[in-house]
Amino acid sequence: MQLAAHIATLGTESAFEVLARAQALAARGRPIINLGIGQPDFATPPHIVDAACRALVDGHHGYTPACGIPELREAIAADAARRHGVDVDPDHVVVGPGGKVTLSFAALIFGGPGVEILHPDPGYPIYRSLIEFSGATAVPYPLEAGAPSAAAILSRITPRTRLVIVNSPANPTGGVMSPEEIDALVAGLARHPDVFVLSDEIYSRLVFAPARHTSLLAAEALRERLIVLDGLSKTYAMTGWRLGWGIWPRALVEVATRLAINLYSCVNAAAQRAGVAALTGPQEPIDRMVAAFAARRAVIVDALDRLPGVRCAAPDGAFYAFADITGTGHSARALQDRWLDEIGVATIAGTAFGARGEGHVRFSYANSLDAIRDAVARIDGWLRLHGRHA
Ligand code: PLP
């Protein structure tokens with residue numbers, strides 16, 4: 001079989017591999033607790049489900065415009081305008097099947113041999129995978145207190161840099177960029193007018209007070225070279241619906257739409273109508289989910305920090321705790337594998353997010369308080385037998 005050479009450069013997302021293994025173990029009757037994949041354990045709020053059912057009954061069965069139905073693009077623009085205090089033109093919104101697709105569009109638009117694209121390390125593994133798949137060089141930059149830092153980014157820009165990916169709140173650390181750091185980044189980027197920015201804001205609603213999310217959309221100076229990635233997966237407990245979007249600068253809307261036509265034609269019509277209901281309907285269910293994540297965060301961070309050899313600081317956003325496990329005497333990958341196989345707790349090794357993730361394990365706390373307490377108790381028992389201090 002002769003495959004195209006660049007297929008070999010395609011990476012993966014360990015969270016899906018761990019999920020498959022956890023599900024296979026569970027199917028064999030093992031009691032598995034999943035703190036691996038970043039997926040809310042809540043059901044999609046009923047008014048959103050109703051809107052999708054109604055759309056199907058009302059006959060919304062056909063193709064839609066590739067960039068999304070006008071009602072959804074308007075709802076997305078209005079939501080972004082309301083949350084970030086800026087004007088957003090609905091014509092700049094390109095809807096896709098999940099947030100992820102905006103990353104592949106950006107990699108296809110900017111990537112290629114000889115190009116450098118900056119991405120966070122540790123960071124969402126799909127960044128590096130898609131950059132390398134495009135033929136470009138993936139240039140990792142370290143985080144500062146778990147969030148992208150202006151100095152780390154700006155010092156790595158070269159004449160070959162075309163795109164910088166920032167992610168706040170960040171996966172896997174939960175770190176949130178401060179407004180000062182964002183100002184420093186925007187000021188520094190003024191010296192690099194040809195460099196575009198992709199701001200992955202998929203966790204922007206999942207921020208815990210007193211921290212606040214600042215969107216790069218608020219930076220007027222970046223408007224013509226900023227792509228904002230967002231979507232419904234995490235905020236509205238809609239990972240399986242596959243509904244996300246990019247807010248593109250004027251010059252790139254047409255090419256992004258052409259990519260949509262080539263790659264998926266349009267997003268499922270009923271899901272798009274559900275998206276309108278999500279963004280324009282009652283937001284109390286979302287507020288309740290965020291409050292639940294905040295309560296779980298407090299419990300998991302405290303419990304992890306008490307484990308022998310483990311240190312865990314409270315993240316400001318997302319639903320991940322990124323614990324330092326260096327004191328256990330085990331590598332991150334060994335803990336990921338052994339905890340799943342031996343005590344049925346699914347987590348993700350920090351190294352799945354880049355070389356700088358070594359010494360850390362990511363715990364998704366998108367699971368119930370009971371499950372979190374049970375998982376940490378199992379890990380406590382395991383560390384007392386197998387940890388450095390055993
Ligand atoms: N960006 C980040 C940082 C993520 O963690 C994820 C999902 O885990 C995505 C994008 C993709 O989201 P979606 O499921 O909407 O494609």
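# Ligand surroundings, helix packing and local backbone features

Of the 13 residues around the ligand, those that come nearest are Gly-99, Asp-200, Tyr-203, Ser-233 and Lys-234. The model is predicted. Helix α4 (residues 100-110) packs against helix α8 (residues 250-263) and also against helix α5 (residues 125-133). Helix α1 (residues 14-27) packs against helix α11 (residues 332-343). Cis peptide bonds precede Pro-122 and Pro-210, and Ala-237 has a positive phi.

**Polar atoms at the ligand**

- Asp-200 is one of the residues that come nearest to the ligand, and an N or O atom in the Asp-200 side chain is 2.6 Å from a nitrogen atom of the ligand.
- Ser-233 is also among the residues that come nearest; an N or O atom of the Ser-233 side chain lies 2.6 Å from a ligand oxygen.
- For Arg-242, the distance from a side-chain N or O atom to an oxygen atom of the ligand is 2.8 Å.

**Packing of α4 with α8**

- Two packed helices are described by the angle between their axes and the distance between the axes.
- For α4 and α8 the angle is about 115° and the axes are 11 Å apart.
- Angles of 65 to 115 degrees count as roughly perpendicular, and α4 and α8 are therefore roughly perpendicular to each other.
- The two helices, α4 and α8, cross in a right-handed sense.
- On the α4 side the contact is made by Phe-105, Leu-108, Ile-109 and Phe-110, and on the α8 side by Leu-252, Val-255, Ala-256, Leu-259, Ala-260 and Leu-263.
- By class, this contact of α4 with α8 holds 10 nonpolar residues, no polar ones and no charged ones.

**Packing of α4 with α5**

- The axes of α4 and α5 are 9 Å apart, at an angle of about 30°.
- Angles under 35 degrees count as roughly parallel, so α4 and α5 are roughly parallel to each other.
- The crossing of α4 and α5 is right-handed.
- From α4, Lys-100, Leu-103, Ser-104 and Ala-107 meet Ile-126, Tyr-127 and Leu-130 of α5.
- The residues in this contact of α4 with α5 divide into 5 nonpolar, 1 polar and 1 charged.

**Packing of α1 with α11**

- Helices α1 and α11 pack at an angle of about 15°, and their axes are 10 Å apart.
- This angle makes α1 roughly parallel to α11.
- Where α1 passes α11, the crossing is right-handed.
- The α1 residues in the contact are Val-18, Arg-21, Ala-22 and Leu-25, while α11 contributes Gln-336, Asp-337, Leu-340 and Asp-341.
- The contact of α1 with α11 comprises 4 nonpolar, 1 polar and 3 charged residues.

**Backbone features in loops**

- The peptide bond from Asp-121 to Pro-122 is cis, and its omega is near 5°.
- Pro-122 sits in the loop that runs between β3 (116-121) and α5.
- A cis peptide bond, with omega near 5°, also links Ala-209 to Pro-210.
- Pro-210 belongs to the loop between β7 (196-200) and β8 (226-231).
- Ala-237 is a residue other than glycine with a positive phi, near 55°.
- The loop that holds Ala-237 is the one between β8 and β9 (244-247).

Key
Residues numbered from 1 in each chain as written. Predicted model: local features only at pLDDT ≥ 70, side-chain atom pairs only at ≥ 80, totals over all residues. Heavy atoms only, no water. Axes fitted to C-alpha atoms, helices over the stretch in contact; angles between N-to-C directions. Helix = DSSP H or I, 4+ residues; strand = E, 2+ residues; numbered from the N terminus. Parallel < 35°, antiparallel > 145°, perpendicular 65-115°, else oblique. Left-handed = near helix turned anticlockwise from the far one by under 90°. Contact = heavy atoms within 4.5 Å. Nonpolar A, V, L, I, M, F, W, Y, C, P; charged D, E, K, R; others polar. Near = heavy atom within 4 Å. Polar contact = N/O pair within 3.5 Å; in protein donor to acceptor, adjacent residues only side chain to side chain.
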